[in-house]
Amino acid sequence: MASVPYKLSCVLIGHNLDVRSVTATHEGYIVSGSRDKSAKIWKPNGINTGYCEVQTLIGHSNFVVCVCVLPPHDGQPLGLILTGSNDHCICAFAPDSSKPLYVLEGHTNAVCSLSAGSNEKTVLSSSWDATACVWNLDGSTNPSITLSGHHGAVWSVIQLPSGDIIQRTLTGHTDCVRGLAVTSANEFLSCANDATVRHWNATMGACLSTFYGHSNYIYSISVFPGAGVNSFVTSGEDRTVRIWKNGECQQTITLPSQSVWSAACIQNGDIVTGSSDGIVRVFSADLSRQADASLQQQFADEVANTSLAAKQELGGVKISELPGVGALLEPGRSDGQTKLIRDGTDVYCYSWSAANNEWVKVGDVLGASGGTQATSGKQLYNGKEYDYVFSVDIEDGKPPLKLPYNCDEDPWFAAQKFIHDNNLSQLFLDQVANFIVNNSKQNIPLGPKDASAEFCDPFTGGNRYIPSGSCGEASPNIVADPFTGASRYVPSYGNGVSDSVQGSDSGSTSVSHAVLENCPVKPFFPQKTYLRFEQANLSAISEKLIEFNCSKAVPSVNKIHEKYLEGIIKLAEADATENLFHFNLLFILLEWPEDIVFPVLDITRLAVRNAAVNSSLCSGELGDKLFKRLERFLVSDSLPANQMLSLRTVCNMMSHPVGKFLFFKNKNFLLSVIFNLAPPFNKQVQVALATLLLNLAVATKDTSTPDSHGRARAVAAACVLLPRLSDTEALFRGLVALGTLIWDAHKLQDKMELIESVNNSKEFTALLDKLSGGSAVDKATQCAAQVSALIRA
């Protein structure tokens with residue numbers, strides 16, 4: 001009779017970054033460790049399926065890479081829990097406490113594996129510092145034995161029942177050994193980056209057999225209880241978990257994530273996994289513990305969508321062929337060395353910092369799929385045809401370096417490759433990229449042919465800007481709840497204060513005030529500060545949030561316990577502090593149905609105003625997750641309230657450095673929103689769109705590296721948006737944005753090209769003529785006169 005295949009049992013959501021390690025105890029508990037710097041304990045529900053989170057373990061200052069649970073004693077359900085981290089430390093926790101009992105210090109680099117010793121009072125660790133350590137848990141915080149001899153990172157260490165300690169003293173694998181698992185008194189299994197599993201006899205020092213099945217790095221291996229070499233599971237960078245029986249791969253489970261960092265066998269025969277999407281999943285071959293059909297279908301759909309995205313390309317190179325984030329575990333060869341790293345379908349550039357002994361994320365890399373067909377007139381370089389082969393003088397007295405470039409490449413991608421190929425300092429990146437932009441004058445546009453995928457500067461970030469102030473909005477109008485009809489809480493629809501847009505001082509060196517001398521008031525542009533949407537009735541938002549959380553309209557998986565709602569609401573307060581647990585709950589609430597999600601968006605809009613919350617919620621993978629939630633509401637068929645609140649959230653996040661970086665990272669998408677969000681839209685959406693454009697103008701001014709291409713695209717967006725606006729406040733803000741973009745252009749030539757493009761927009765010039773007939777005291781009319789004088793001087 002054929003065995004029942006493993007299928008999804010349950011999904012455990014709690015971590016907000018990669019789950020790097022999972023382990024299961026004899027009693028059925030699960031412990032997970034994550035890049036969010038925490039570990040979590042999950043308890044079986046006591047029914048057929050499901051686990052509940054019972055404790056979050058906090059104590060590390062960097063990623064939690066590995067977890068280990070020692071056998072329990074004194075009738076306790078769990079023994080001592082140990083976690084290893086990139087902060088070089090091991091924390092020891094009692095299962096009923098969120099803070100460490102003590103910290104073990106001895107490694108000088110990341111701790112990448114932990115395992116119980118043959119003695120219940122010992123634990124073994126291995127590290128990137130090329131050592132393994134044995135620790136006696138007798139109160140000492142220093143290792144009792146340090147094992148050295150390797151020349152690189154020691155990825156895993158175990159102790160056999162015979163007492164032998166294995167840390168890869170046997171040779172056979174052709175790449176890094178990532179995991180080890182005991183099968184008998186003197187035998188064990190190993191898995192490696194060479195995509196193989198090997199069965200070893202420690203006494204003979206021989207490899208007994210080699211198993212093939214994975215197509216990429218294998219990160220973990222775990223043996224089913226009592227099965228030994230006859231039954232085990234592996235997981236790896238090919239997005240799969242594989243179940244092995246009698247030396248053969250019996251089943252392959254594909255996950256909707258790029259890296260399956262860890263897999264462990266549970267005492268009841270189930271399998272638990274931790275992956276790069278921040279989710280812990282349990283799979284079972286027991287029909288009574290398998291998830292219902294709807295969850296199975298949702299999982300299948302997620303896998304299918306991820307598989308499709310994995311086939312995408314970057315500059316002609318398959319993204320799936322770039323190294324995954326696991327490559328960041330390998331130390332760099334020299335200071336400033338760079339790597340392009342794939343994380344899911346995204347590609348990032350990292351630089352090795354010798355001072356900090358770690359890879360530092362430089363920024364995102366955006367490129368075009370496909371390539372340019374060979375045509376006559378191209379230049380040949382190293383056997384390939386390019387639109388341009390620039391000669392770049394880097395140092396006096398030395399011959400220039402060759403920089404090949406095709407017009408459908410991202411300039412920053414090409415610049416990064418040039419720096420890497422020629423072993424140049426990362427400090428040249430912006431200089432080289434802008435050299436490409438400024439010198440590749442051709443008939444076809446720079447960047448990908450699809451305008452929605454056009455490049456943005458992925459490397460200029462929040463650390464280059466410190467905002468000089470912020471502006472608020474007027475008190476909200478209280479109107480009927482658009483979804484319930486009641487006159488209680490609705491999203492704040494205030495248009496904003498008119499005096500929040502600041503007049504300039506006489507600071508421009510390239511545009512004379514003489515062109516504006518006939519204007520009745522001081523110029524409204526250039527705008528120097530970001531506008532924020534500040535005001536809110538927090539108590540009303542809270543009431544609506546609690547009401548919806550209890551309603552049948554919210555699926556049970558997206559409901560949270562009422563006691564946690566208070567923490568979510570506090571994120572909106574001015575003195576809010578960073579809280580990863582509440583951030584994760586916020587993401588759960590942001591999955592509410594579209595017609596009732598508006599109070600959650602309002603909380604988010606208020607939360608990102610706060611610098612501490614902004615610096616965490618808008619950073620790294622957490623920021624990417626937030627923006628993906630907002631994207632679903634920034635489309636034409638979304639409800640106006642959700643469009644408005646999502647736009648306001650983006651505007652508010654820009655007034656802090658990390659939020660500004662997240663904006664630049666997604667600038668192309670936001671510009672497409674300004675271009676494509678078609679009327680009719682209500683006046684609140686109009687004001688939010690115009691404010692987004694205005695903040696974009698301020699951000700463009702604040703960026704240390706001139707981006708004439710980005711400025712030109714923003715001006716084009718203004719010329720499209722403004723004729724669609726009917727609200728006076730929205731028109732005013734949009735005009736100030738356009739004036740700021742032109743006024744602050746760095747070069748006279750750039751300024752003249754912008755003015756020419758505006759004058760070529762018949763719809764916009766018609767709008768200016770129409771506004772010129774308005775009231776002389778109306779600020780939109782006054783600003784229109786100033787813009788008219790600027791573009792027609």
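**Entry 1: K37**

I began with K37, which I located in the loop between strand 3 (30-34) and strand 4 (38-44). The model is a predicted one. I looked up the backbone of K37 and found a phi near 75°, a positive value in a residue other than glycine. I noted for comparison that most residues other than glycine have a negative phi. I then checked the accessibility of K37: its relative accessible area is 37%. I entered K37 as partly exposed, because that class lies between the limits of 20% and 50%.

**Entry 2: A130**

I turned next to A130, in the loop between strand 11 (122-127) and strand 12. A130 is not a glycine, yet its phi is positive, at about 75°. Is A130 buried or exposed? I found a relative accessible area of 13% for A130. I therefore recorded A130 as buried, the limit being under 20%, in agreement with its listed state.

**Entry 3: The sheet of strands 10 to 13**

I followed strands 11 and 12 into their sheet. Four strands form this open sheet, and I read their order as 10-11-12-13, with antiparallel pairing. Which strands stand at the edges? I identified them as strand 10 (111-116) and strand 13 (145-147). Each of these has a single partner strand, so one side of each has no neighbour in the sheet. I also looked up the turn between neighbouring strands of this sheet, which is 20° on average, direction ignored.

I then examined one pair within the sheet. Strand 12 (residues 132-136) pairs with strand 13 in the antiparallel sense, and I noted three bridges between them. In this pairing I found C133 opposite T146 of strand 13. As background, I noted that strands of a sheet pair through backbone hydrogen bonds.

**Entry 4: The hairpin of strands 18 and 19**

I moved on to strand 18 (residues 196-201) and strand 19 (residues 206-212), which pair in the antiparallel sense. How many bridges join strand 18 and strand 19? I recorded six bridges. I looked up the bridge partner of H199 and found S209, in strand 19. The hairpin has four residues between its strands. In this hairpin I noted G205, which takes a positive phi near 70°.

**Entry 5: The peptide bond at P526**

Last, I looked up P526, which I placed in the loop between strand 36 (470-471) and strand 37 (530-531). The peptide bond that joins F525 and P526 is cis, and I noted an omega of about 5°. I added the reminder that most peptide bonds are trans.

Notes:
Residues are numbered from 1 along each chain as its sequence is written. This is a predicted model: local features need pLDDT of at least 70, side-chain atom pairs count only at pLDDT 80 or more; totals for chains, interfaces and linings use all residues. Side-chain values use heavy atoms; hydrogens and water are left out. Two strands pair if DSSP finds at least two bridges between them. Helices (H or I, at least four residues) and strands (E, at least two) are DSSP runs, numbered from the N terminus. Axes are lines fitted to C-alpha atoms, for helices over the stretch in contact, and angles run from 0 to 180 degrees between N-to-C directions. Buried means under 20% relative accessible area, exposed over 50%, partly exposed in between (1.4 Å probe, protein chains only).
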